[in-house]
Amino acid sequence: MEIAIISGKGGTGKSSISAAFATLDGEVVLVDCDVDAANLYLLFNPVHEEESIYVSGHKAVIDYDLCTSCGLCMNYCRFDAISEESGRIIISEISCDGCFLCSRICPETAINMVPSDKSMMYSGSFRNGRMVYGRLAPGEENSGKLVNVVREKAKQTAGKYGLDTIILDGPPGIGCPVISTITGVDKVVVVTEPTISGLSDMERAIEVVQKFNIPAYVIINKYDLNQAMSRQIEEWCSRNNVTVAGMLPFDRQITEAMIEAKSIIEFNPESEISKKIKIIWNRIVNQ
Ligand code: SF4
Ligand code: SF4
């Protein structure tokens with residue numbers, strides 16, 4: 001079973017909950033799909049067994065032996081990636097979109113398109129199973145494609161090691177990498193918090209999930225910080241046939257666990273919050 005944990009935005013506690021789910025009992029494949037800002041590896045310190053380069057696109061590079069500084073490429077680049085400094089034409093690696101246009105129009109054929117090869121995919125073991133994650137290099141595009149690559153590796157890993165559960169910690173938002181994270185999964189968990197923006201971000205996330213006809217479950221994290229808003233979220237879910245899998249109170253032990261590089265389940269398995277997380281997980285898996 002593949003279960004994706006997402007949130008309409010960052011900072012809802014999604015990764016802490018993913019980490020808790022990943023350490024509840026039997027071994028799992030844990031996948032960090034937040035390729036722009038992967039962080040679960042910091043918590044679980046996996047042993048890397050495989051590393052592979054992910055080519056996310058191409059970047060334009062000038063051959064200064066051929067360039068005459070005519071400026072034509074600068075006039076054509078629609079991404080403002082090309083500028084001139086003291087008579088020298090310069091291409092910004094961060095701004096270049098890899099569209100190939102400048103390399104095609106340069107009269108001196110002075111621009112080469114080189115593969116962007118600084119993004120990586122890692123797989124290996126962690127203390128409760130296998131872990132797969134990707135890291136997109138700063139300024140590189142196609143995070144959705146890297147998520148697809150990471151997910152494919154996770155599926156192969158699950159097959160190879162005979163593991164039934166794949167837990168996908170998704171990126172924040174509702175963009176392309178989130179779509180790549182939830183496509184084809186069995187269930188999606190949306191973690192929200194009791195604020196007005198939490199409610200509207202959750203609504204947008206659930207709209208996306210429902211377009212794919214995937215069962216959605218909501219967890220209201222830190223529900224006790226605003227019980228009236230938590231009730232509003234519950235009511236919205238009830239009106240829209242979305243299951244609230246559970247509500248978790250604010251608990252400083254979550255942060256204390258993170259500081260010790262542990263999930264809350266590892267940090268204090270007998271705590272009330274750990275018990276609630278176990279109940280929520282069982283509800284999601286068995287419903
Ligand atoms: S178009 Fe070619 S020759 Fe002209 S400035 Fe650009 S790289 Fe140099
Ligand atoms: S490849 Fe496209 S985006 Fe990159 S510098 Fe050339 S024209 Fe600009």
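Me: Which residues come nearest to ligand 2?
Reply: Keep in mind that this is a predicted model. There are 13 residues around ligand 2. Those that come nearest are Ala60, Cys77, Cys96, Cys99 and Cys102.

Me: By class, what does the shell around ligand 2 look like?
Reply: Cys and Ala both count as nonpolar here. The shell has one polar and one charged residue. The rest of that shell is nonpolar, and the number of nonpolar residues is 11.

Me: And which residues come nearest to ligand 1?
Reply: Ligand 1 also has 13 residues around it. By class, that shell has nine nonpolar, three polar and one charged residues. The ones that come nearest are Cys67, Cys70, Leu72, Cys73 and Cys106.

Me: Stepping back, how is the protein chain divided into domains, and what separation do their centres have?
Reply: Domain 1 is made of two stretches, 2-55 and 119-286. Domain 2 covers 58-115. Taken over C-alpha atoms, the centres of the two domains are separated by 40 Å.

Me: How many helices and strands does the protein chain have?
Reply: The chain has 287 residues, and buried ones make up 45% of them. Its C-alpha trace spans about 70 × 40 × 35 Å along the principal axes. The secondary structure comes to 11 helices and 13 strands.

Me: Which residues have the most contacts inside the largest nonpolar core?
Reply: Nonpolar side chains tend to be buried together in soluble globular proteins. Here the largest nonpolar core has 69 residues. Those with the most contacts inside it are Val31, Val150, Val189 and Val190.

Me: Apart from that core, how many residues does another core have?
Reply: The other core lies apart from the largest one. Among its residues are Ile82, Ile89, Ala110 and Ile111. Its residue count is 12.

Me: What is Val190 in contact with, leaving aside its neighbours within four places in sequence?
Reply: Val190 is one of the residues with the most contacts inside the largest core. Its partners include Ser7, along with several nonpolar residues. The full list is Ile6, Ser7, Met202, Ala205, Ile206, Val209, Ala216 and Val218.

Me: Is strand β2 largely enclosed or largely open, and why?
Reply: β2 covers residues 28-32. Val28, Leu30 and Asp32 point one way, while Val29 and Val31 point the other way. Because five of the five residues are buried, β2 is largely enclosed by the rest of the structure.

Me: In β10, which residue is the bridge partner of Val31?
Reply: β2 pairs in the parallel sense with β9 (residues 129-135) over five bridges, and there Val28 stands opposite Gly129. β2 also runs parallel to β10 (residues 166-172), joined to it by four bridges. In β10, the partner of Val31 is Leu168.

Me: How many residues of helix α1 are buried?
Reply: Helix α1 covers residues 14-22 and is mostly covered. Its buried residues include Lys14, Ile17 and Phe21. The count of buried residues is nine of nine.

Me: Is Glu193 buried or exposed?
Reply: Glu193 lies in the loop between β11 (187-192) and α7 (196-211). Its contacts, leaving aside neighbours within four places in sequence, include Thr12, Asn221 and Lys222. A residue needs 20 or more other C-beta atoms within 10 Å to count as buried. Glu193 has 27, so Glu193 is buried.

Me: Is Asn241 buried or exposed?
Reply: Asn241 lies in the loop between α8 (227-239) and β13 (243-248). Its phi is near 55 degrees, a positive value in a residue other than glycine. With 8 other C-beta atoms within 10 Å, Asn241 is exposed.

Me: What is the phi of Phe100 near?
Reply: Phe100 is found in the loop between β6 and α4. Phe100 counts as exposed because it has 12 C-beta neighbours inside 10 Å. Its phi is positive, in a residue other than glycine, and near 75 degrees.

Me: What distance separates the C-alpha atoms of Ser95 and Gly139?
Reply: Ser95 is found in the loop between β6 (88-91) and α4 (101-105). With 14 C-beta neighbours inside 10 Å, Ser95 counts as partly exposed. Ser95 and Gly139 are 44 residues apart along the chain, and their C-alpha atoms are separated by 7.3 Å.

Methods:
Residues numbered from 1 in each chain as written. Chains lettered and ligands numbered in written order. Predicted model: local features only at pLDDT ≥ 70, side-chain atom pairs only at ≥ 80, totals over all residues. Near = placed C-beta within 6 Å. Core = buried A, V, L, I, M, F, W, Y, C linked by C-beta atoms within 7 Å. Contact = placed C-beta atoms within 7 Å. Domains from an automatic or database assignment. Helix = DSSP H or I, 4+ residues; strand = E, 2+ residues; numbered from the N terminus. Pairing = 2+ DSSP bridges.
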